[in-house]
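Let's take a walk through a protein model, with an eye on how its strands line up and where empty space is left. Keep the picture open while you read.

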Amino acid sequence: MRKILVVGAGQSGLQLALGLQSKGYDVTLMSNRTADEIRTGRVMSTQVMFDTALQHERDLQLAFWERQTPRIEGVGVSVAAPEGGRAVDWLGRLKGFAQSVDQRVKMAGWMDTFVQWGGQLVIHGASVADLDFFSRTYDLVLVAAGKGELVSMFARDAARSPYDAPQRALAVSYVHGLGPRPEHPDTEAVRCNLVPGVGELFVMPTLTTSGRADILFWEGLPGGPVDVFKGVKDPADHLALTLELMEKFTPWEYARATKVDLTDGGATLAGRYAPVVREPIGRLPGGGLVLGVADVVVANDPITGQGSNSAAKCAASYLSSILMHGDKPFDEAWMKATFDKYWFTTGKPVTQWTNAMLGVPPEHVLNLIGAAGQLPPVADRFANGFDNPADFDGYFYDPEDTADYLAEVSASVSPSGPDPE
């Protein structure tokens, strides 16, 4: 039985560990926190996962919370107008529903399951020296802990990392009491509110430790009017500031948030980080090699909501590569090929789309977003790009592709709806 060490108990690390465990591997999982510490700690992300990523969980019988979690059926986009109100407002329908399960719920539950299934769980903040020792006793070491000392083993890939500083200041609040959007009161959706020159506000339903809730998530341009959460320690002050900014920049969202309360004492989070792609192989002092997983090696800004999706897809891709490799050694060539498979299918399309969304949108993208308000097929295709970012390559980046696509859709849609012909 092959022995594998997984370091890190987030989406990718736990999904990979549980997947390997279910296939008969001898798996050790290292986490710097216990399940109870995770469950009672601070929120860690927004984690909306779309259909493809959710299917990876279903395939491993890990979708424990699917029935009780809100089913997100659409992605809405609003663009604030200079004089107030909305210049653009539409809702694209998803082919398969999305869901958000608070990682405190999911990771704690999955960690308990790993132990129940007979896995060896080590509660320890691993160091490079630890991995140098463990690499001699395991067939493969996978690093899925995206922060701290271990990340230093993976060199920044400058050619794939155009940014060397954070592009957004992030602020998250989990709340109860948010009212429905009056335009679509019965549709659960991710709402993307774009405020030119300021940033973005995302609103999304979730399942948290106290049941159904909603997430209010500001992404502010560094140095701009939303970049004001640094040093705010009190959760109540954090929420008050979030609402104040909503009232000023997205009053249509604030109107349904006047009665919200935080879900718990750990329901807020603020920070920033620079998007980065790193070399996938880490070299240990003793000569051993480790393979980086998910956001250890490809960490994008959350503006496109791809973090947990990419983590799930990376874990599924790596699991497939490990299973196909059989009893052969996990050497450097295999590690590179394993990462390349993930990069070209998922990492690269996500990085390209996310980096494009972080910049000032060019005219053809503004035209595309505006046209989606009159052309439902465009809105639907854009919404489903959150599940399959590679699809944006066909119509999003090149002005001629965008123009051709919009002309094609316009010709097929009459003012009263799809042409019966």
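Start with a pair of facing residues: Ile72 stands opposite Ala98 in strand 5. Keep in mind that what you're looking at is a predicted model.

**The hairpin and its neighbour**

Ile72 and Ala98 take you straight to strand 4 and strand 5, which pair in the antiparallel sense over eight bridges. These two strands form a hairpin, with five residues between them. Look in the turn for Gly84, which has a positive phi of about 105 degrees.

Strand 5 also has a link to strand 3 (residues 48–49): two bridges join them, and they run antiparallel. Here Val48 stands opposite Ser100 in strand 5.

In general, side chains in a regular strand alternate between the two faces of the sheet.

**An open sheet with a helix on it**

Now move on to a six-strand sheet. In what order do its strands sit? The order is 6-2-1-7-16-15, the sheet is open, and the pairing is mixed. At the edges you'll find strand 6 (120–123) and strand 15 (281–283), each of which pairs on one side only. From one strand to the next, the twist averages 25 degrees.

Zoom in on strand 7 (residues 140–143) and strand 16 (residues 289–292): they pair in the parallel sense over two bridges. Val143 stands opposite Gly292 in strand 16. Helix 9 packs on this sheet, where it touches strand 7, strand 15 and strand 16. The direction of helix 9 makes about 5 degrees with that of strand 16.

**Empty spaces inside**

Time to look for gaps. Rolling a probe the size of a water molecule over the atoms shows where empty space is left. How many cavities of 30 Å³ or more does the structure hold? There are three. Here are two of them, along with a pocket:

| Space | Volume | Lining by class |
|---|---|---|
| Largest cavity | about 90 Å³ | 10 nonpolar, one polar, no charged residues |
| Second largest cavity | about 50 Å³ | four nonpolar, two polar, three charged residues |
| Second largest pocket | about 470 Å³ | 21 nonpolar, five polar, two charged residues |

The lining of the largest cavity includes Val77, Cys192, Leu194, Trp353 and Phe386. Strand 9 (189–195) and helix 9 (332–358) each supply at least two residues of that lining. So which residue is the polar one? Thr304 is in the lining, and Thr counts as polar.

The second largest cavity has another cast: Leu54, Glu57, Ala63, Trp65, Glu66, Thr69, Gln99, Val101 and Lys106 line it. Its three charged residues are Glu57, Glu66 and Lys106.

**The second largest pocket**

Which residues lie nearest the centre of the second largest pocket? Out of 28 lining residues, they are Leu194, Gly359, Val360, Pro361 and Leu366. Several elements give two or more residues to this lining: strand 4 (72–80), strand 5 (86–100), strand 9, strand 10 (199–208), helix 9 and helix 10 (363–371). Helix 10 gives the most, with five residues.

Some players turn up twice. Leu194 lines the largest cavity and is also among the residues nearest the centre of the second largest pocket. Helix 9 packs on the six-strand sheet and gives residues to the lining of the pocket. The hairpin strands from the start, strand 4 and strand 5, help to line the pocket too.

Definitions and conventions. Residues are numbered from 1 along each chain as its sequence is written. This is a predicted model: local features need pLDDT of at least 70, side-chain atom pairs count only at pLDDT 80 or more; totals for chains, interfaces and linings use all residues. Side-chain values use heavy atoms; hydrogens and water are left out. On a 1 Å grid over the protein atoms alone, a cavity is a set of points where a 1.4 Å probe fits but cannot get out, and a pocket is an open set with protein on both sides within 12 Å along at least five of seven lines; lining residues have an atom within 4 Å of a point. Grid points are joined across faces, edges and corners, and a volume is the space filled by probe spheres set on the points. Helices (H or I, at least four residues) and strands (E, at least two) are DSSP runs, numbered from the N terminus. Two strands pair if DSSP finds at least two bridges between them. Axes are lines fitted to C-alpha atoms, for helices over the stretch in contact, and angles run from 0 to 180 degrees between N-to-C directions. Contact means heavy atoms within 4.5 Å.
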